[in-house]
Every structure is written in structure tokens, then in C-alpha cells.
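Visitor: Hi, I've got a protein open on my screen and I'd like someone to walk me through it. Could we start with the basics and then poke around inside?

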Amino acid sequence: MADFDIVALGEPLVELNQTHKDQRQYLQGYGGDTSNAVIAAARQGARCAYLTRVGDDAFGRQFLDLWQAEGVDTSGVRVDGEAHTGLYFVQHGPQGHAFSYLRRDSAASRMTPADLDCGLVERARFLHVSGISLAISTSACDTVFAAIERARAAGAQVSLDSNLRLRLWPVDRARAVLRETMRAADLFLPSMDDMQHLTGNDDPERTLDWIRDGGAAGVVVLKLGKDGSIIDDGARRTAMPALRVQAVDATGAGDCFAGSLLARRCQGDSWEDAVRYANVAAALSTQGYGAVDPLPRAAEVLARMKQPAG
């Protein structure tokens, strides 16, 4: 039996999130897509660990304290004395949230396949990775592929979130690398926004066809934001509605969806039940500022699911 339900690999980022009360005021929090996802999973009761590097700085130490407080194993986190912990700013406007990053040469971008020698991947039921980790550097990309190879050899399943950031790499390279990675994934979690850039179309059915034609053989859950999601298990496609809420900040919603979905799958849910749960968790995560602080715990999600719709 695996020691961990989910081992995630990626880049943590300190978050400075603009509040609406004062356009010059920022609330410090924590972010980084796979870090958010593994914390969300831990809050749903999953046994989790994280693989990354942080800087030998105050922010790196804050991340270590955060993961430990959330019950996330940190034995795979290396402290890099020659690099800094990355950070990003979130600004809010009429078109939603916008991101600005200070991540060049961050500690996480210096990850190498040797960082996997701690053996965490081999002790997981799921390895969770993302397009951001593939994009931040060549060595980080190599680390993701090495982790996938280790997971496969150990019998673990692989979860991939597209999380496309075109500031990090050209669209042609992103398309090629993500297409190669999705072929090795047991679960692929693309967003419709990401796939529009990769496919040039905005039709969910055509997008799922493109993913299947590209060689994806696992389960695909296409995220449609406020319109919910579509599960494609290779045999049929099932539309799943979203929970409608008054969103304040959707910064961590997609990551919350991923972590919650994986946690519920590890607890025995069907794909439909796990996605239904993840849709509610993701909606609840938009009702506060920041990527981590609003992530709901299992009791909150279950209580909301018992309430009548509407």
C-alpha cells in the first residue's frame, strides 16, 4: 500500500494579492499551482507530500511551516542556498484577475531529476504535475518527465494539469510538450481557456476530440469555469454543472478542483461523484482572497453539498 495518496511536484510562489479596499494594498499569501492543489487535497483528508526547492530565505521557511501545518510531508523539499523563493502579484479588474511574476532563476526552477532520489514518487498513489513545472526551466521539465517515469515504474498514477502560461514558453513548444505529457497521464485536467490557445477553437467537443486524437488515453476532465466541467473517460462524455456563487477571487479555484478531485478519487468516489465534489470545493475557494486561505475543508464542502441547489 502506498504511503501517500498524492505526491505533487512543482513551484511554490509567495503571493501578494491586491485587495479591492485599496488598489495599493496587497495581502501576502501563498501560491503555486501544485502547492495549492496538494494543500487542497490535504484539507480533504488525503495523505500528501510535496517535491520542490525553496530559497534559503524567510519566504522559503514560511512555506516549510505552511506545508507542515497543513499536514503535507516536506521530506522532498530542498533548501537551495544559491537561489530565491519566487513570488507573484495578483491584480483585480473588470476582466478578472491578472498575474505578474518575479520567478526567474527561482529555487524551484533549479530542480533536477536528482531531487527525486528521496523516493517519494515511488510511495504515492498519484503523482500530480502541471504545465507550469514543465515550462519554468529545462531542468524542471526534465524533472517532471523523470518523475513520471518513476511513477510509472512504481505503479503510481499520473495526474497532469495543463496550467498554460504563455509568458513562460512559446505556444508551439507548449503544445508539443503538453501533448507528449498528456499521453503519459492517467488523468488530464485541461482548462478550456488553455486549450483555446493550443487548439485555436472554443468548442468543448472539438477540444476533447483534439486531446484524444493527440494520444491521450486516460481520463480527461475539461474544466469550463463557471460552466462546470466535462468528464471524458474514453467511453462517454458527461457534463457536470458548476456550483454558482458570487466569486471574489478565483486565483486558486482550478488548483482546488484538482486537489479535491484527486483526494476524493483516493477515498473511493466514482469519477462523477469526485468531480461533483471538486466543483463545489472550487466554487467555495473563490469566496475569499488568495490561493490558499480560502481553500475549503471537507466539512465545509460536504455541508454545502447537502444544501439545495440555487
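Guide: Here is a chat about the protein's overall build, its empty spaces and a few of its residues.

Guide: One thing to keep in mind is that this is a predicted model.

Visitor: Okay. How many helices and strands does the protein have?

Guide: The secondary structure comes to 10 helices and 13 strands.

Visitor: And what does the C-alpha trace span along its principal axes?

Guide: The trace spans about 50 × 50 × 40 Å. The radius of gyration is 18 Å, and a compact globule with 310 residues would have one near 19 Å, so the protein agrees with that.

Visitor: What percentage of the residues is buried?

Guide: Buried residues make up 57% of the 310. As for the outside, the accessible surface comes to about 13,100 Å², and 48% of that belongs to carbon and sulfur atoms.

Visitor: What share of the contacts with a separation of 6 or more comes from residues 24 or more positions apart?

Guide: Those account for 71% of such contacts.

Visitor: Let's talk holes. How do you even look for empty space?

Guide: You roll a probe the size of a water molecule over the atoms, and that shows where empty space is left.

Visitor: How many cavities of 30 Å³ or more turn up in the whole structure?

Guide: The search finds one, and its volume is about 30 Å³.

Visitor: Which residues line that cavity?

Guide: Arg175, Leu178, Arg179, Met182, Phe188, Met195, Leu198 and Trp210 line it. By class, that makes six nonpolar, no polar and two charged residues.

Visitor: Which helices supply at least two residues each?

Guide: Helix H5, residues 171-183, and helix H6, residues 192-199, each do that. H5 gives the most, with four residues.

Visitor: Now the pocket. How much space lies in the largest one?

Guide: About 1,600 Å³ of space lies in the largest pocket. The elements that give two or more residues to its lining are helix H1 (33-43), strand S7 (96-102), H6, helix H8 (253-266) and helix H9 (271-284).

Visitor: Which of them gives the largest share of the lining?

Guide: That's H6, with five residues.

Visitor: How many residues line the pocket, and which lie nearest its centre?

Guide: The lining has 48 residues, and His97, Asp193, Gly225, Ala250 and Gly254 lie nearest the centre. The lining divides into 20 nonpolar, 15 polar and 13 charged residues.

Visitor: Gly254 made that list. What does lysine 223 touch, not counting residues up to four places away in sequence?

Guide: Gly254 shows up here too, as lysine 223 touches Asp161, Leu189, Pro190, Ser191, Met192, Gly228, Ser229, Gly254 and Phe257. Lysine 223 lies in strand S11, residues 219-223.

Visitor: Is lysine 223 buried or exposed?

Guide: Lysine 223 has a relative accessible area of 11%, so it's buried, since buried means under 20%.

Visitor: Switching topic: what's up with phi at aspartate 105?

Guide: Aspartate 105 has a positive phi of about 60 degrees although it isn't a glycine. You'll find aspartate 105 in the loop between S7 and strand S8 (124-130).

Visitor: What about phi of asparagine 163?

Guide: Phi of asparagine 163 is near 30 degrees, a positive value in a residue other than glycine. Asparagine 163 has its place in the loop between strand S9 (157-161) and H5.

Visitor: Why does aspartate 105 count as exposed, and why does asparagine 163 count as buried?

Guide: Aspartate 105 counts as exposed because its relative accessibility is 57%, and exposed means over 50%. Asparagine 163 counts as buried because its relative accessibility is 9%.

Visitor: Last stop: where is leucine 295?

Guide: Leucine 295 is in the loop between H9 and H10. At 3% relative accessibility, leucine 295 counts as buried.

Visitor: What is leucine 295 in contact with, leaving aside neighbours within four places in sequence?

Guide: Leucine 295 is in contact with Asn36, Ile39, Ala40, Arg43, Gly252, Cys256 and Ser285.

Visitor: Arg43 again! How far is arginine 43 from alanine 299?

Guide: Arginine 43 and alanine 299 are 256 residues apart in sequence and 9.4 Å apart in space, C-alpha to C-alpha. Alanine 299 sits in helix H10, residues 298-306, and at 60% relative accessibility alanine 299 counts as exposed.

Terms used
Residues are numbered from 1 along each chain as its sequence is written. This is a predicted model: local features need pLDDT of at least 70, side-chain atom pairs count only at pLDDT 80 or more; totals for chains, interfaces and linings use all residues. Side-chain values use heavy atoms; hydrogens and water are left out. On a 1 Å grid over the protein atoms alone, a cavity is a set of points where a 1.4 Å probe fits but cannot get out, and a pocket is an open set with protein on both sides within 12 Å along at least five of seven lines; lining residues have an atom within 4 Å of a point. Grid points are joined across faces, edges and corners, and a volume is the space filled by probe spheres set on the points. Ala, Val, Leu, Ile, Met, Phe, Trp, Tyr, Cys and Pro count as nonpolar, Asp, Glu, Lys and Arg as charged, and the others, Gly among them, as polar. The radius of gyration is taken over C-alpha atoms; the globule rule is 2.2 Å times the number of residues to the power 0.38. Buried means under 20% relative accessible area, exposed over 50%, partly exposed in between (1.4 Å probe, protein chains only). Contact means heavy atoms within 4.5 Å. Accessible areas come from the Shrake-Rupley method with a 1.4 Å probe; for residues, only the protein chains shown count as cover.
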